[in-house]
Amino acid sequence: MPAVTIVGMQWGDEGKGKITDLLASEAEMVVRYQGGNNAGHTVVVNDEEFKLHLIPSGILYKDVVCVLGNGVVINPRVLLEEMEGLTKRGIDLSNLRISDRAQVIMPYHPVLDRLEEEARTAWRIGTTGKGIGPAYVDKYSRYDAIRFVDFIDEDYFRERLKEVVEVKNRVLKKVYNHPGFDCEEIFEEYREYAKALRPLVTDTSLLVYDAIKAGRKVLLEGAQGTLLDIDHGTFPFVSSSNPTAGGASAGTGVGPTMIEQVAGVIKAYTTRVGEGPFPTELSGDEAKCLREGRGREYGVTTGRPRRCGWFDAVIARYAARINGVTSIIITKLDVLDEFDTIKICTGYKYRGEILRDFPASLRILAECEPVFEEVPGWKQDITGIRDYDALPTEAKRYLERLAELTGAPISLVSVGWEREDTIVKTPIW
Ligand code: GDP
Ligand code: IMO
Ligand code: MG
């Protein structure tokens with residue numbers, strides 16, 4: 001049963017899009033299992049860049065079925081815009097499918113997201129403002145959520161929307177002094193979206209099940225990353241879903257025993273967008289060197305500069321355990337090409353003690369001082385290298401040290417943003 005989950009091992013933006021696209025060349029199906037258009041997955045092919053927010057990163061292959069699973073929160077307006085953008089670029093979307101159980105992001109969700117953030121000062125999460133949190137709140141509270149199966153049922157949708165918008169308007173007006181929404185206006189706009197998307201909506205858990213059962217290669221593409229997981233991340237500075245490997249089963253509707261491998265994508269250094277502690281964070285020239293140049297560390301969804309720091313093996317070890325990773329894919333190694341020396345955080349020092357495990361308390365994490373070891377850089381351009389053994393000795397030593405500290409073997413190493421800029425150490429399939 002060759003199903004593989006692709007999971008981010010840090011705070012997102014590890015290069016999941018690039019890796020999913022590469023592996024999808026041999027796959028039958030790619031499934032997104034959580035998150036929404038807070039994600040920004042970049043795929044670069046022959047100098048042409050695609051920034052995908054909702055559509056799975058297998059879409060550039062005509063024959064790969066791309067599924068938005070039940071765990072995803074979908075803004076229909078954004079999805080249709082993304083589809084239009086891709087169609088204009090000649091991408092065939094005939095294999096795109098949407099789960100009938102996926103949740104709909106309605107226009108009040110992004111508004112509530114922003115208002116919630118503005119209402120706070122010290123505890124701002126720094127969300128992407130796409131309505132992800134409010135949409136998941138509605139899902140779990142159950143009262144006001146609308147699933148795709150209900151969204152495409154026009155009579156049901158109209159009836160449901162009336163009650164939901166009334167409740168939302170009460171909150172918007174009384175709590176946030178916002179004028180609220182006109183239910184009829186939303187209905188008129190959204191019924192058109194529903195009509196356009198209706199042909200794509202189906203029980204996708206069946207599609208995925210049948211593909212895996214038939215021995216076809218299926219990729220389950222995570223968005224965000226382990227430390228943005230609602231249960232296992234740096235709460236409350238997290239997203240509202242489970243990007244970790246456990247979420248892949250719940251978010252697609254296939255049993256965990258049907259997923260054979262978990263490939264953890266991890267950058268050769270660390271980045272983070274939004275608020276919250278970051279033990280190995282750098283400032284000054286070193287941060288600039290990672291962010292500018294080949295790193296291009298600016299958010300795909302919001303354009304915000306990403307905070308940058310050294311590789312954190314405490315995080316890597318934690319993510320390997322939480323996700324049960326079977327191999328790691330190290331990305332953006334080329335970004336370190338110019339450094340004389342490179343630091344690796346091997347542990348945290350907290351009040352004179354060395355912590356072995358990633359702490360739950362952010363107050364503790366904020367006080368943790370990284371314990372670094374320093375290794376020599378390789379000082380040469382590695383983007384053209386395709387063979388692991390051809391890497392400079394220092395680069396190989398660096399990679400092997402990361403694998404040793406993480407406790408998982410390396411399958412792939414990415415040395416550039418182009419699909420081809422990849423070294424296969426051990427094939428995933
Ligand atoms: P995702 O959210 O995990 O899919 O990652 P993003 O697309 O948000 O961010 C990764 C960025 O790094 C994108 O701009 C990619 O094009 C780029 N990228 C991916 N792999 C590599 C690599 O090995 N080297 C370099 N220099 N860039 C890479
Ligand atoms: P990909 O899939 C990096 C961060 C936001 C914020 C927090 C909560 O591209 O790796 P949200 O809008 O989800 O409620 O924001 O999570 N965040 C991401 N950071 N990559 C992402 O996705 C992210 N999706 C959300 O910056 O700190
Ligand atoms: Mg991203």
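A polar contact is a pair of N or O atoms within 3.5 Å of each other. Keep that cut-off in mind for aspartate 13: one of its backbone N or O atoms lies 2.8 Å from an oxygen atom of ligand 2, so the pair counts as a polar contact. What you're looking at is a predicted model, and this briefing walks through the surroundings of its two ligands.

**Ligand 1: who's around**

- Ligand 1 has 19 residues surrounding it, and the closest are Lys16, Gly17, Thr42, Asp334 and Ser414.
- Sort that shell by class and you get eight charged, seven polar and four nonpolar residues.
- Helix H1 (16–24) and strand S3 (41–45) each chip in at least two residues of the shell around ligand 1.
- H1 gives the largest share of this shell, with three residues.

**Ligand 1: polar contacts and cover**

- Serine 414 has a polar side-chain atom 2.5 Å from an oxygen atom of ligand 1.
- Threonine 42 also uses its side chain, where an N or O atom sits 2.6 Å from an oxygen atom of ligand 1.
- With glutamate 14, look at the backbone instead: a polar atom there is 3.0 Å from an oxygen atom of ligand 1.
- On its own, ligand 1 would expose 590 Å², and the protein buries 97% of that.

**Ligand 1: where it sits**

- The space that ligand 1 takes up is the second largest pocket.
- Why does ligand 1 lie between domain 1 and domain 3? Both domain 1 (3–99 + 201–262) and domain 3 (267–323 + 332–407 + 415–424) give residues to its shell, so that puts ligand 1 between them.

**Ligand 2: who's around**

- Around ligand 2 you'll find 20 residues, and the closest are Lys16, His41, Thr128, Gln224 and Ser239.
- By class, the shell of ligand 2 holds ten polar, seven nonpolar and three charged residues.
- Lys16 is worth finding on the structure, as it's listed among the closest residues to ligand 1 and to ligand 2.

**Ligand 2: polar contacts and cover**

- Besides aspartate 13, glycine 40 brings a backbone N or O atom to 2.9 Å from an oxygen atom of ligand 2.
- Asparagine 38 reaches in with its side chain, placing a polar atom 2.9 Å from an oxygen atom of ligand 2.
- Taken alone, ligand 2 has 550 Å² of accessible area, and the protein covers 97% of it.

**Ligand 2: where it sits**

- Which pocket holds ligand 2? Ligand 2 sits in the largest one.

Note on methods
Residues are numbered from 1 along each chain as its sequence is written. Chains are lettered from A and ligands numbered from 1 in the order in which they are written. This is a predicted model: local features need pLDDT of at least 70, side-chain atom pairs count only at pLDDT 80 or more; totals for chains, interfaces and linings use all residues. Side-chain values use heavy atoms; hydrogens and water are left out. A residue is near a molecule or strand if one of its heavy atoms lies within 4 Å of it. A polar contact is a pair of N or O atoms within 3.5 Å; within protein, one must be able to donate a hydrogen and the other to accept it, and residues adjacent in sequence count only if both atoms are side-chain atoms. Accessible areas come from the Shrake-Rupley method with a 1.4 Å probe; for residues, only the protein chains shown count as cover. On a 1 Å grid over the protein atoms alone, a cavity is a set of points where a 1.4 Å probe fits but cannot get out, and a pocket is an open set with protein on both sides within 12 Å along at least five of seven lines; lining residues have an atom within 4 Å of a point. A molecule sits in a cavity or pocket if more than half of its atoms lie within 2 Å of its grid points. Helices (H or I, at least four residues) and strands (E, at least two) are DSSP runs, numbered from the N terminus. Ala, Val, Leu, Ile, Met, Phe, Trp, Tyr, Cys and Pro count as nonpolar, Asp, Glu, Lys and Arg as charged, and the others, Gly among them, as polar. Domain bounds come from an automatic or database domain assignment.
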